[in-house]
Amino acid sequence: MGKVRGLVARRNREPARRGWLRGAPAPLWVRVLPAVLVVGVGVATLVSPNRLDIGFVLGAIPPLAGLSYGPVATVLFGGLSVALLTVPAFHLNDPGSTDLLTVCFVALLSVFISFVRSRRDAQLDLERTVAEAAQRAVAPPLPERVGRVRCAGLYRAAQRGTLVGGDFFDVRDGPFGVRAVMGDVQGHGLSAVATVASLLGAFREAVLDRPQLESVATRLDRRLVVDSARSPHAELFATAVLLEFSADARAVRIVACGHPAPVVLREGRVTEIDIVPWTPLGLGLTDSGPLGAVTVPLLPGDRLFLASDGVWEARDDSGAFYPFTGRLAALADGDSADLAERVWADVLRYSEEIRDDVTMLVLTPDD
């Protein structure tokens, strides 16, 4: 399990995964490097029986400090560099006035750059905080339980540094039972967030006032049709699968609109649900005839596993698709709360480069 969590952490597509050259805090070795150079140059010149011509190293200390520290600390390191260059005990005081002026100029320039970087980082942190809050509002964390259904989900956006993209899911309790949705809108990344927000808003409203699951799908379809009409070139569409659990959680009704149907995990076996996907949302469901739905009986211990195209269509180096159903059976042992993460780690081992949003949802009715 430790290896699985480590692999998941390394490939987590959240903002914390940014490298230090992309805005994340500098690693420890970069932060300690200026101090190491100061101490190293000082000790080397004091213990060496001969005069060492290493004063040029001092010119690198202020810029390195500016990468990791604020203006005050950069001034301190710049002062230490000038002191090492001018104090006679270190035998570095004979390079000539040109070298001394050069180090002083580099130190002052480093302080200015550190000031600008600190202001920029503060602004970026504020913007990132606002963006994360907005994205969390669109896709809030999934609760552990909704009604009589235990939930576990995993989302990894294809676009680095974002929390949401073109995939979406939600589980809601309403007057007509627990309902869930998983979908994939056209495109991915920030350009798809507005469409995701629109669909989730329509779903949450329809859960409260639409008695039939098919009518919930129709509401989502109409939402996309209306949004597309506002922009002649939008051509919005999305695939989705909707679920509705009975009051006793012993059956689930499923409507698929161009999206892979869920699979049932039962006694270590994976069973694919035989359902004919309807046309994707946004293409006019009412024009394609009545929606078809299937009702699947559930036994104690059954789990429903939903996965997006990012899982089904992951490929290895040879171009072979990820054998989802075959691998899921081997990964099904253990806690349902960690099942999606185990599958995600296995997908990463199978396909090193994931170019699509990845979404997984595990729904376990109470026994």
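This passage walks through a predicted model of a single chain, from its overall build down to a few individual residues.

Starting with the big picture, the chain has 367 residues, and 45% of them count as buried. Its fold is built from 10 helices and 11 strands. What share of the contacts with a separation of 6 or more comes from residues 24 or more positions apart? That share is 67%. As for the outside, about 18200 Å² of the chain is exposed, with carbon and sulfur atoms supplying 60% of that area.

One piece of this surface is a nonpolar patch of about 600 Å², put together by F105, L109, F112, I113, F115 and V116. I113 sits in helix α5, which runs over residues 97–138. With a relative accessibility of 46%, I113 counts as partly exposed, because that class covers values between 20% and 50%.

Helix α5 also hosts a salt bridge. D121 pairs with R117, and their closest N and O atoms are 2.9 Å apart. Why are these two separated by about one helical turn? Because they are 4 residues apart in helix α5. R117 is buried, having a relative accessible area of 17%, which falls under the 20% cut-off.

Salt bridges come to 15 in total, and some of them link parts of the chain that are not neighbours in sequence. One of these is the pair D366 and R145, whose side chains meet at 2.5 Å, N to O. D366 belongs to the segment after β11, while R145 is in strand β1 (residues 145–146), so this bridge ties together parts that are 221 residues apart in sequence. The two partners do not fall into one accessibility class: D366 is buried at 18% relative accessible area, whereas R145 is partly exposed at 42%.

Another bridge joins R219 and D209, with 3.8 Å between the closest N and O atoms. Here the connection runs between two helices, since R219 is in helix α7 (residues 213–230) and D209 is in helix α6; the pair therefore ties together parts that are 10 residues apart in sequence. R219 is buried, with 11% relative accessibility, and D209 is partly exposed, with 39%. Back in helix α5, salt bridges with shared partners join R117, R120 and D121 into one network.

Helix α6 (residues 193–209) brings us to F203, which is found there too. Is F203 buried or exposed? At just 1% relative accessibility, F203 is buried. Leaving out residues up to four places away in sequence, F203 touches D170, R172, R179, A180, V181, V216, L220 and L242. The C-alpha atoms of F203 and R223 are 9.6 Å apart, with their positions 20 residues apart along the chain.

S351 offers a look at a loop, the one between α10 (339–350) and β11 (358–365). Despite being in a loop, S351 is buried, at 3% relative accessibility. Setting aside residues up to four places away in sequence, S351 touches A314 and R315. With R315 there is a polar approach as well: a polar atom of the S351 side chain lies 2.5 Å from the backbone oxygen of R315. S351 and A320 are 31 residues apart along the chain, and their C-alpha atoms are separated by 9.6 Å.

Two other loop residues stand out for their backbone angles. Most residues other than glycine have a negative phi. A249, however, has a positive phi near 60°, and E267 has a positive phi near 55°. A249 lies in the loop between β5 (238–245) and β6 (251–257), and E267 lies in the loop between β7 (263–266) and β8 (269–272). Their surroundings are opposite: A249 is buried at 1% relative accessible area, while E267 is exposed at 69%.

Finally, there are the cysteines to consider. A disulfide is a covalent bond between the sulfur atoms of two cysteines. How many disulfides does the model contain? The count comes to 0. Two of the residues of this type are C104, which is partly exposed at 27% relative accessible area, and C257, which is buried at 0%.

Notes. Residues are numbered from 1 along each chain as its sequence is written. This is a predicted model: local features need pLDDT of at least 70, side-chain atom pairs count only at pLDDT 80 or more; totals for chains, interfaces and linings use all residues. Side-chain values use heavy atoms; hydrogens and water are left out. Buried means under 20% relative accessible area, exposed over 50%, partly exposed in between (1.4 Å probe, protein chains only). Patches are made of residues with over 30% relative accessible area and no salt bridge: like charges are joined within 9 Å, nonpolar side chains (Val, Leu, Ile, Met, Phe, Trp, Tyr) within 5 Å. Accessible areas come from the Shrake-Rupley method with a 1.4 Å probe; for residues, only the protein chains shown count as cover. A salt bridge is a side-chain nitrogen of Lys or Arg within 4 Å of a carboxyl oxygen of Asp or Glu. Contact means heavy atoms within 4.5 Å. A disulfide is a pair of cysteine sulfur atoms within 2.5 Å. A polar contact is a pair of N or O atoms within 3.5 Å; within protein, one must be able to donate a hydrogen and the other to accept it, and residues adjacent in sequence count only if both atoms are side-chain atoms.
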